[in-house]
Amino acid sequence: MERRIYLNTGDNPGNWQTSLNSGGTPKTINKGRQEAAGKNETIEAETEENNQPLIPENEIIDYPLGILFNEILPSPEGEDAKEEWIEIINQNNFEVDISGWEITDGAGVPTAYRFPKNTFLAGNTLLLLYRPLTKITLNNEKDSLVFLHPDGTVADLVEYSQSPLGKSYSRSQNQWIWNNILTPGKDNIFPSSSVPIETPLKTEISLKENPAPNEKLLASAALPISNKAGLILIIALTTAIFFGIIALLIRKKLKIN
């Protein structure tokens, strides 16, 4: 079975068909898509406004890894329609063209946001997307987000349930954590250590209805006392108590004499 239109949902049975090629077409464009192109059929979901395919036929593209969801806010303390946001990170040290990449949600009425042409994400950069721009509603009880390449393959996926009020769902290495420290456009910080994940400094791109100019931000955090410093503190306190006891004994002896 093969998907007919890559960027349309895979939950729709009508978007699937038996491959016209015996054994399927692993690692190549689906045969059905080739046949449709040969018959000059219009596949609206796979074209831009000028009806030019996002991906030329029979071309296989290796998309870079490291373009991932980094933090999302499904249940803000303010108005959901204005203050929900999705944050994406480019973990690479080079710029990536994400034109035609798409974010879709899974619960309720699925909504998709496709990045327009000439959308480039610089290396080690965060991209902040607010709901007024994407129109994606993050359901509080349960939802999922899928990040798709232009050919329909999955770049990243995140699922969550029972989102707490005012907490973001944040990536911590290879796991996700509900976090009461919101860091839109900055390195994620967690209460357990108050130390951000070890990633290079980033540039925030905050996209609302009217995107603001890029603004460079420096990640800051309060570093905990090191083990060495803690040991020195314990030794100092012990020494002070010891000499305090000796002083009391000497004073008592002098008083008796």
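Student: Which side chain meets Glu 102 in a salt bridge?

Tutor: The model is predicted, and its side chains are read with that in mind. Side chains of opposite charge can pair when their charged atoms come close. A salt bridge needs a nitrogen of Lys or Arg within 4 Å of a carboxyl oxygen of Asp or Glu. At 3.6 Å from N to O, the partner of Glu 102 is Arg 114.

Student: How many residues apart in sequence are the parts that Glu 102 and Arg 114 tie together?

Tutor: Glu 102 belongs to strand β6, residues 102-105. Arg 114 belongs to strand β7, residues 112-114. The pair therefore ties together parts whose separation in sequence is twelve residues.

Student: Is Glu 102 buried or exposed?

Tutor: A residue counts as buried under 20% relative accessible area. Glu 102 has a relative accessible area of 5%, so the residue is buried.

Student: And how does Arg 114 count by its relative accessibility?

Tutor: The class between 20% and 50% is called partly exposed. Arg 114 has 23% relative accessibility, so Arg 114 counts as partly exposed.

Student: What is the order of strands in the open sheet of four strands?

Tutor: The pairing in this sheet is antiparallel. Its edge strands, each pairing on one side only, are β7 and β11. From one strand to the next the twist averages 10°. The order is β7-β6-β10-β11.

Student: Which residue of β10 does Glu 102 stand opposite?

Tutor: Strand β10 covers residues 142-148 and runs antiparallel to β6, with four bridges joining them. Within β10, the residue opposite Glu 102 is Leu 148.

Student: How are the rings of Phe 115 and Phe 147 arranged?

Tutor: The structure holds ten aromatic pairs. In this one the ring centres are 6.2 Å apart and the planes stand at 55°. Planes under 30 degrees apart count as stacked and over 60 as edge-to-face. The angle falls in neither class, so the pair is tilted.

Student: Where in the chain do Phe 115 and Phe 147 lie?

Tutor: The pair links distant parts of the chain, 32 residues apart. Phe 115 is in the loop between β7 and β8, and Phe 147 is in strand β10.

Student: Are Phe 115 and Phe 147 buried or exposed?

Tutor: The cut-off for buried is under 20% relative accessible area. Phe 115 is at 1%, and Phe 147 is at 0%. Phe 115 therefore counts as buried, and Phe 147 likewise counts as buried.

Student: Which residues form one aromatic cluster with Phe 115 and Phe 147?

Tutor: The cluster includes the two Phe residues just discussed. The other members are Tyr 63, Phe 69, Trp 101 and Tyr 113.

Student: How many of the five residues of strand β12 are buried?

Tutor: Strand β12 covers residues 168-172. On one side Ser 168, Ser 170 and Ser 172 are buried, and on the other Tyr 169 and Arg 171 are buried. In a regular strand the side chains alternate between the two faces of the sheet. The strand is largely enclosed by the rest of the structure, because the number buried is five of the five.

Student: Which strands pair with β12 in the antiparallel sense?

Tutor: One partner joins β12 over two bridges, with Ile 72 opposite Tyr 169. Another joins over five bridges, with Ser 168 opposite Asn 179. These partners are β3, residues 67-73, and β13, residues 175-179.

Student: Which residue takes a positive phi in the hairpin of β12 and β13?

Tutor: The hairpin has two residues between the strands. The phi in question is near 55°, and the residue is Gln 173.

Student: Which side chain meets Arg 171 in a salt bridge?

Tutor: The N to O distance is 2.7 Å. Arg 171 is in strand β12 and its partner is in strand β11, residues 154-161, 15 residues apart. Both members of the pair are buried. The partner is Asp 156.

Student: Which residue forms a salt bridge with Arg 131?

Tutor: The closest N and O atoms are 3.4 Å apart. Arg 131 lies in helix α3 and the partner in the loop between α2 and β4, so the pair ties together parts 47 residues apart in sequence. Both residues are buried. The partner is Glu 84.

Note on methods. Residues numbered from 1 in each chain as written. Predicted model: local features only at pLDDT ≥ 70, side-chain atom pairs only at ≥ 80, totals over all residues. Heavy atoms only, no water. Buried < 20%, exposed > 50% of the residue type's maximum accessible area, 1.4 Å probe, protein only. Pairing = 2+ DSSP bridges. Axes fitted to C-alpha atoms, helices over the stretch in contact; angles between N-to-C directions. Phe/Tyr/Trp six-rings, centres within 6.5 Å; stacked < 30°, edge-to-face > 60°.
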